[in-house]
Amino acid sequence: MNIDKKITDDLVANDISFVTTVPCKQLAGVIAEIDAHDSIYHIPSNKEDEGMGLCAGAWMGGKRPAIIMQNTAIGVTINTLATLIQYYRMPLPMLISYRGELREPIACQVEMAVHTKALLAQLNIPTYHFHNQADVEELDAILKYTFMCNKPVAILTDANFWGGYGDQ
Amino acid sequence: MIRSDVLKEIAPILREQLVVCNIGIPSQELHAIDDQPSNFYMLGTMGLASSIGLGLALSQPKPVIVIDGDGSVLTNLGTLPTIANNVADNYILLIVDNGSYGSTGDQPTYAGQKTSLTKMAEAAGCERVIECQAEDTGRVLQEALDAKQMTIIVCKCESGNAKMPPITMDPVVIRDRFMKTVMA
């Protein structure tokens, strides 16, 4: 299974046509796939809170958005999640590279990894954790759930899911 | 002229357009001067008005006017390259540059000192950047709408705030009536 294509196909099948990204090495393949897809407007953002602002505007303009980012960005975006996305009740699928988990080579990444789920739980953000490749089968249902309830929803994708980080 | 004088003058132009308005006193002033369902008031999240407006402009064809401030643009400076590289000709960013953080007590911003937001927007790659004095804002804004070209307006005005009440409207109501106007 080409995981990058599967994720992109699920986004497109759920009518997601506006995707903002802040890169991560693990996400490079899916970002390239999205960038190449005709039915998705790919708009790289310089910081994840900026990206969430873009997504909020796109949704109010009638497009279904998504953001792709690293889990370190949870630390950047708490205010935006609380006072924009949640306060105005907007849907936002967040496909998140869950750095700092098993097979992580960079020690500093662990420092935000240990806070990631606690912060998402504190924000009452529905959170799904993809650890094995087969977990991606739930993505379609998660996207439908996100646009059903108009909430930000986190999909954490760890190194094991991506087939390792730096040791592939 | 202070910001509220500028907003009063351009209210007849704004009334006909989709407007995304910056957090704090700017939204309170616009709400008190001329509340419209076509106004999206930011109640929180300093800095993101220009980003919300860009996402909106890229996703539908109606003109979008963002009323931002120098302090808020400085908070989200990464927005300028994103705007420049994702051209939406229905997008107008009106930066009311009074050189101060108006909503927090008029502390000076760097835009009122050595930093030029006009030059920063140009350096970011924005192609139509117009700096004007407060008195000329209405004319420059109307010309930007007529030009149908992405425009960044840096409106230099005096620091100061009108005394207006907070917005008590529920955020979901603000968003819902705004979206209905977008779709209309």
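**Exercise 1. Describe the order of elements in chain A and judge how compact the chain is.**

Solution. From the N terminus on, the elements of chain A follow the order α-β-α-β-α-β-α-β-α-β-α-β. That gives six helices and six strands. The model is predicted, so local features are read only where pLDDT is at least 70.

For compactness, take the radius of gyration of chain A, which is 15 Å. The globule rule gives 15 Å for 168 residues, so chain A is as compact as a globular protein of that length. Along the principal axes, the C-alpha trace of chain A spans about 40 × 35 × 30 Å.

Two further values complete the description. Of the 168 residues in chain A, 49% are buried. Among contacts in chain A with a separation of 6 or more, 77% are between residues 24 or more positions apart.

**Exercise 2. Carry out the analysis of compactness for chain B.**

Solution. Begin with the elements: chain B has eight helices and eight strands. Its radius of gyration is 15 Å, close to the 16 Å from the globule rule for 184 residues, so chain B is as compact as a globular protein of that length. The box filled by the C-alpha atoms of chain B, taken along the principal axes, is roughly 40 × 35 × 30 Å.

Next come burial and contacts. In chain B, 47% of the 184 residues count as buried. Contacts in chain B between residues at least 6 apart in sequence join residues at least 24 apart in 70% of cases.

Last, check the confidence. The average pLDDT of chain B is 97, and 100% of the residues score at least 70. For the complex, the predictor gives an ipTM of 0.97 and a pTM of 0.97.

**Exercise 3. Characterise the side of chain A that touches chain B.**

Solution. Start with the extent of the interface: 25 residues of chain A are in contact with 26 residues of chain B. Then assign the chain A side to elements. Strand 2 (41–44), helix 3 (48–60) and helix 4 (74–86) of chain A each give two or more residues to it. Helix 3 of chain A provides the largest share, nine residues. Finally, sort that side by class: 11 residues are nonpolar, nine are polar and five are charged.

**Exercise 4. Locate the centre of contacts in the largest nonpolar core.**

Solution. The largest nonpolar core has 97 residues, and the members that touch the most others are Leu94(B), Ile95(B) and Ile153(B). By element, helix 3 of chain A gives this core its largest share, seven residues. Helix 3 of chain A also gives the largest share of the side that touches chain B.

Now follow one of the three residues. Leaving out residues up to four places away in sequence, Ile153(B) touches Ile92(B), Leu93(B), Leu94(B), Ile95(B), Ile130(B), Cys132(B), Val140(B), Leu141(B) and Ala144(B). The other two residues named for the core, Leu94(B) and Ile95(B), are among these partners.

**Exercise 5. Examine the backbone around helix 5 of chain A.**

Solution. Work along the chain. Arg103(A) lies in the loop between strand 4 (92–98) and helix 5 of chain A. This residue has a positive phi of about 80° although it is not a glycine. With 14 other C-beta atoms within 10 Å, Arg103(A) is partly exposed.

Helix 5 of chain A covers residues 107–122 and bends by about 35° at Thr116(A). Just after this helix, Asn124(A) takes a positive phi of about 55°.

**Exercise 6. Compare the settings of two loop residues in chain B, Asn90(B) and Lys148(B).**

Solution. Place each residue first. Asn90(B) sits in the loop between helix 5 (79–85) and strand 4 (91–97) of chain B. Lys148(B) is in the loop between helix 7 (137–147) and strand 8 (151–156) of chain B.

Then apply the burial cut-offs, under which 20 or more neighbours make a residue buried and 12 or fewer make it exposed. Asn90(B) has 19 C-beta neighbours inside 10 Å and counts as partly exposed. Lys148(B) has 10 other C-beta atoms within 10 Å and is exposed.

Finish with the remaining details. Not counting residues up to four places away in sequence, Asn90(B) touches Ala57(B), Pro61(B), Lys62(B), Pro63(B) and Val64(B). The C-alpha atoms of Asn90(B) and Pro61(B) are 6.8 Å apart, while the two residues are 29 apart in sequence. Lys148(B), although not a glycine, has a positive phi of about 50°.

Notes: Residues numbered from 1 in each chain as written. Chains lettered and ligands numbered in written order. Predicted model: local features only at pLDDT ≥ 70, side-chain atom pairs only at ≥ 80, totals over all residues. Contact = placed C-beta atoms within 7 Å. Helix = DSSP H or I, 4+ residues; strand = E, 2+ residues; numbered from the N terminus. Nonpolar A, V, L, I, M, F, W, Y, C, P; charged D, E, K, R; others polar. Bend = angle between axes of the 7 residues up to and from the residue. Rg over C-alpha atoms; globule rule 2.2 N^0.38 Å. Core = buried A, V, L, I, M, F, W, Y, C linked by C-beta atoms within 7 Å. pLDDT = per-residue confidence, 0-100.
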